[in-house]
Every structure is written in C-alpha cells, then in structure tokens.
Amino acid sequence: MKRTTVSIPPPPDDEFRRSPFTPTFGSTPPALVGRQQEVNDLAYALDNGPGSKGRATFVTGQRGVGASVMLNVHHDIAASRGWVSIHASASKGFARQLTEARLPEVLEPLDSATLSKSKGLLKV
C-alpha cells in the first residue's frame, strides 16, 4: 500500500487575525452587522401589544446565515421585557416534548409565584 504524503501548514504567526464572520452555528458573533432593523422591529412589536406588526416572526435561513443567532437575540429582547421564551429543537416528537415537558417546566415557577402572591387575596 502506497502512502500519500501531505504538507501540513505552519501555525499562524502573531499577526494572524481570525475573521469575526466565521460561522459558529448559534454562537453570537462579536459583531452583529445589518440586523438592527429586525431587532428594533421585534422590540417595538413586544412593547406595543397584541396586533402589533412583527409580533409573529418567522426566522429561517440556510446554515451559517445567522438564523440561530437571531433566535438568541429574540430571546434576549423578550427576556429584557419580562417575556419567557423556550429553546427547543424541531425534531420528531417536538410538539409532544414541548407541551408535555418544556412548557410545564417553564410555567410551573410562574404558577407558583402567582399562587403565593395571591393567597392573601383569595376568599374561601
């Protein structure tokens, strides 16, 4: 069996700079360029209540274009306004996992907090 020889490149020198635009699949890059309008639109929609344009948002894109990053930003925007969001991957059993596990997990502390705050207001 003949062995093929390959040439291994040397490590980069100190002047080598990594591009901030290297896809990292869901990790927020150091600079989020060209997305301010989408960020503003969602914040405005959440601030202005039901019926506000942009409140129902569909984020899609090929791998590496920033769709996951935008979902993370949407989560941050919602959290800054007191909303609860759920991270879940769409896969087989997604709806069941969401309704039977993730939603109850997120809503239980909210129900407990509401119940404990309102106990003094309940009349039996």
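Is the crossing in which H1 passes H2 right-handed or left-handed? Keep that in mind while you get your bearings; note that this is a predicted model.

**Whole chain.** Start with a cartoon view. You'll find three helices and zero strands, so to speak an α-α-α run from the N terminus on. Colour by burial next: of the 124 residues, 14% count as buried. If you draw up a contact map, look at the pairs with a separation of 6 or more; residues 24 or more positions apart account for 49% of those contacts.

**H1 against H2.** Now select residues 36–47, which is helix H1, and residues 67–80, which is helix H2. Their axes come within 10 Å and cross at roughly 35°. As for the opening question, H1 passes H2 in a right-handed crossing. Show side chains for the contact: on H1, pick Glu-38, Val-39, Leu-42, Ala-43 and Leu-46. On H2, the partners to pick are Met-70, Val-73, His-74, Ile-77 and Ala-78. Sorted by class, that contact has eight nonpolar residues, one polar and one charged.

**The largest pocket.** Leave His-74 on screen, then add Leu-71, Ser-85, Ile-86 and His-87: of the lining residues, these five lie nearest the centre of the largest pocket. About 860 Å³ of space lies in there, and 23 residues line it. Where does the largest share of that lining come from? Go back to H2, which supplies six residues. Bring up helix H3 (94–118) as well, since H1, H2 and H3 each give at least two residues to the lining. Colour the lining by class to finish, and you'll get 14 nonpolar, eight polar and one charged.

Conventions. Residues numbered from 1 in each chain as written. Predicted model: local features only at pLDDT ≥ 70, side-chain atom pairs only at ≥ 80, totals over all residues. Heavy atoms only, no water. Axes fitted to C-alpha atoms, helices over the stretch in contact; angles between N-to-C directions. Helix = DSSP H or I, 4+ residues; strand = E, 2+ residues; numbered from the N terminus. Left-handed = near helix turned anticlockwise from the far one by under 90°. Contact = heavy atoms within 4.5 Å. Nonpolar A, V, L, I, M, F, W, Y, C, P; charged D, E, K, R; others polar. 1 Å grid on protein atoms, 1.4 Å probe; cavity = no way out; pocket = protein on both sides within 12 Å on 5 of 7 lines; lining within 4 Å. Points joined across faces, edges and corners; volume = space filled by probe spheres on them. Buried < 20%, exposed > 50% of the residue type's maximum accessible area, 1.4 Å probe, protein only.
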